[in-house]
Amino acid sequence: MNMKSENIIFDKVAIIGIGLIGSSIAKGIQKNKIARKVYGYAKTASTRAKARELGYMDKIFDTLVEAVNDADLIILCTPVGSNADIMRNIHGHLKKGSIITDVGSVKKAVIDQIHKYVPDGVSFIPGHPIAGTEFSGPESGFAELFYKKCCLLTPYTKTDKAHLDKIISFWEELGMIVDTISPETHDLILATISHLPHLVAYNLVDTASKLENKKDHEFTKYAAGGFLDYTRVASSDPIMWRDIFLNNKEAMIEILDSFIDGLADLKDSIKTDNGNKLERLFKETRNKRNKILDSIKKLESE
Ligand code: NAP
């Protein structure tokens, strides 16, 4: 890929982890001509071979160090539990003036893992493009994944302003609406709007399957729209989600406590035939959900 365009923000970008997010970024860079060269690395030889075959990166290296040592921007697109290991391997090989960012769904724990390895002369700007599907792997990415979705950055107070502006422009060129926020707020927001729904979906599938076994009757063959829509995200990558829950423990416990209280309250209303309470809550939540849909539609039409 030889880019000649005024959109170019980085000369060489190294993408570590070639799954849904890494491959979508590579395709987005290519489509929007944001960098001259895109390099890649993934842990297993089979993923590297598949990505080479798909051909959306200029070069895929067999070692981490080769992938990063000439890069101006390094994007960590691996499960959030893998960052410390990766940084231990690459920190001595980063170019002065380069920027490291990440896409991890958790920020506080990721920052703790990464920042101690960031050498002088290199900027680390944590980030999270809030865009995804339940698919994973090098064949699952597409350039439009990020279009009109939000990207949250959690920069330090001392972050180099020019570098921060470059990262903001990078995500904007991929179609994202960029905001900056504290890591703690990020983690609680994501625990609420993303991590809890995934946990509930995993639990819902597990509950149905345990009941099927107990009653020795196949329930899920009757599953229609609601169950399938609701549990779509339970098809997501298990390693990625294991790492997210373990690395967002504090916020998950807080939101789970509140969710379990709400569930117990609902159970009690059903048990005590408190139809008024149920109806009031359902009316309130339907109105709230409609408002959420309206604000998303507004965002998408801007
Ligand atoms: P994915 O499709 O499962 O891909 C993960 C990639 O990371 C694979 O290429 C894997 O390589 C590689 N990898 C794993 N451990 C590694 C290591 N130690 N060193 C180098 N490469 C390693 O995952 P994804 O959905 O793209 O998610 C990646 C990151 O994006 C996660 O941190 C996640 O929190 C974040 N994120 C995900 C979504 C989403 O909806 N999926 C949305 C926003 C952000 P192998 O295949 O060789 O193992």
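This is a short tour of one predicted model, from the whole chain down to single residues.

**Whole chain**

Start with everything shown as a cartoon. You should find 11 helices and 9 strands. Turn the chain along its principal axes: the C-alpha trace spans about 65 × 40 × 40 Å. The radius of gyration is 21 Å, which agrees with the value near 19 Å for a compact globule of 302 residues.

Now switch on the surface. The accessible area comes to about 16600 Å². Carbon and sulfur atoms account for 54% of that area. Of the 302 residues, 42% count as buried.

Colour by charge next. There are 41 positive and 41 negative side chains. The centres of these two sets lie 2 Å apart.

How far apart in sequence are the residues that touch? Take contacts between residues at least 6 apart in sequence: 77% of them join residues at least 24 apart.

**Two domains**

Select 10-181 and give this stretch one colour; it is domain 1. Give 185-271 another; it is domain 2. The centres of the two domains, taken over C-alpha atoms, are separated by 29 Å. Look at where they meet: 18 residues of domain 1 are in contact with 18 residues of domain 2.

**Thr 154**

Select Thr 154. You are in the loop between strand 8 (150-153) and helix 6 (161-173). Is Thr 154 buried or exposed? Its relative accessibility is 1%, so Thr 154 counts as buried. Show its neighbours, leaving out residues up to four places away in sequence. Thr 154 touches Lys 107, Ile 111 and Pro 126, among others. Further along the chain, the list also includes Ile 181, Ser 182, Pro 183 and His 186.

**Tyr 147**

Step back to Tyr 147. This residue sits in the loop between strand 7 (127-129) and strand 8. Tyr 147 is exposed, because its relative accessible area of 53% is over the 50% cut-off. Beyond residues up to four places away in sequence, Tyr 147 touches Leu 174 and Gly 175. Now draw a distance from Tyr 147 to Ala 49, C-alpha to C-alpha. The viewer should give 28 Å, for a pair 98 residues apart in sequence.

**Lys 50**

Go to helix 2, residues 45-54, and pick Lys 50. With a relative accessible area of 28%, Lys 50 is partly exposed. Which residues does Lys 50 touch, not counting those up to four places away in sequence? They are Pro 138 and Glu 139. Add Gly 137 to the selection. Lys 50 and Gly 137 are 87 residues apart along the chain, yet their C-alpha atoms are separated by 9.3 Å.

**Two aspartates with positive phi**

A word of background for the last two stops. Most residues other than glycine have a negative phi.

Select Asp 216. Its phi is near 50°, a positive value. Asp 216 lies in the loop between helix 7 (183-215) and helix 8 (225-230). A relative accessible area of 72% makes Asp 216 exposed.

Finish at Asp 273. Here phi is near 55°, again a positive value in a residue other than glycine. Look to either side: Asp 273 is in the loop between helix 10 (249-271) and helix 11 (275-301). At 69% relative accessibility, Asp 273 counts as exposed.

Key: Residues numbered from 1 in each chain as written. Predicted model: local features only at pLDDT ≥ 70, side-chain atom pairs only at ≥ 80, totals over all residues. Heavy atoms only, no water. Helix = DSSP H or I, 4+ residues; strand = E, 2+ residues; numbered from the N terminus. Rg over C-alpha atoms; globule rule 2.2 N^0.38 Å. Buried < 20%, exposed > 50% of the residue type's maximum accessible area, 1.4 Å probe, protein only. Contact = heavy atoms within 4.5 Å. Areas by Shrake-Rupley, 256 points an atom, 1.4 Å probe, with all protein chains shown as cover. Lys, Arg positive; Asp, Glu negative; His and termini not counted. Charge placed at Lys NZ, Arg CZ, Asp CG, Glu CD. Domains from an automatic or database assignment.
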